[in-house]
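Visitor: Please pick one part of this model and go through it closely, residue by residue where that helps.

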Amino acid sequence: MRSIKKNSVQVDRNSVMYSGLVILKASLLAVIVTLVGFLIFAVVMKLANLQETIIPPVNQAIRIISIALGGAVAARSSRTRGWLKGALTGFLYIVWAIAISAIFGGRYAFDTVLLSDALLGIVVGAIGGIIGINLE
């Protein structure tokens, strides 16, 4: 009987290409989690007839959880420099958010809100990366 040997491709987890793909996938995962969270929150808002003043803090919480999750996933996949990969994931998440806002909202203002969003993405992503690298 002839045995078939599978060629196993050795993935270098320290390569720039691998890290870039991990960061890209993690940031897209974070965007998807955000969109699902927003949809669930919209349904809850509609069914529960909540006040509109609750929208900004809940949206911010959904974004923070999504960015932290993305940072943790990126760090967990690469197993080195979790804080950096998490921060880059958070920054790329903000870039995706700006692109989506520009497509659906018409335009996006480059002001202090954008700067605070970018800082939020970087810091929360780095924290998520630190948490993700230390999870076993």
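**From a loop to a helix pair**

Guide: Asn49 is exposed, at 69% relative accessible area (exposed is over 50%, buried under 20%, partly exposed in between, with a 1.4 Å probe and protein chains only). The model is predicted, so local features require pLDDT of at least 70 and side-chain atom pairs 80 or more, while totals for chains, interfaces and linings take in all residues. Numbering starts from 1 along each chain as its sequence is written, and side-chain values rest on heavy atoms, without hydrogens or water.

Asn49 sits in the loop joining helix 1 (16-48) to helix 2 (helices are DSSP runs of H or I with at least four residues, strands E runs of at least two, numbered from the N terminus). Its phi is positive, about 55°, although Asn49 is not a glycine.

Past this loop, helix 2 covers residues 55-78 and packs on helix 3, residues 82-105, at an angle of about 135° with the axes 8 Å apart (axes are fitted to C-alpha atoms over the stretch in contact, and angles between N-to-C directions run from 0 to 180 degrees). Helix 2 is therefore oblique to helix 3 (under 35 degrees is roughly parallel, over 145 roughly antiparallel, 65 to 115 roughly perpendicular, the rest oblique). On the helix 2 side, the contact (heavy atoms within 4.5 Å) is made by Arg63, Ile67, Gly70, Gly71, Ala74, Ala75 and Ser78. Helix 3 supplies Gly82, Lys85, Gly86, Thr89, Gly90, Tyr93 and Ile94.

Ser66 also belongs to helix 2 and is buried, with a relative accessible area of 1%. Beyond its neighbours within four places in sequence, Ser66 touches Ala30, Val33 and Thr34. Ala26 is 40 residues from Ser66 along the chain, and their C-alpha atoms are 9.8 Å apart.

The 24 residues of helix 3 should span 34 Å at 1.5 Å a residue, and its end C-alpha atoms, 33 Å apart, agree with that (the expected span is 1.5 Å times one less than the number of residues). Buried residues of helix 3 include Ala87 and Ile98, along with Gly82, Lys85, Gly86, Thr89, Gly90, Tyr93 and Ile94. The buried residues of this helix pack against helix 1, helix 2 and helix 4 (112-134).

Lys85 is one residue of helix 3 to examine singly. Its relative accessibility is 7%, so Lys85 counts as buried. Neighbours within four places in sequence aside, Lys85 is in contact with Ser19, Ile23, Ala74, Ser78 and Thr80.
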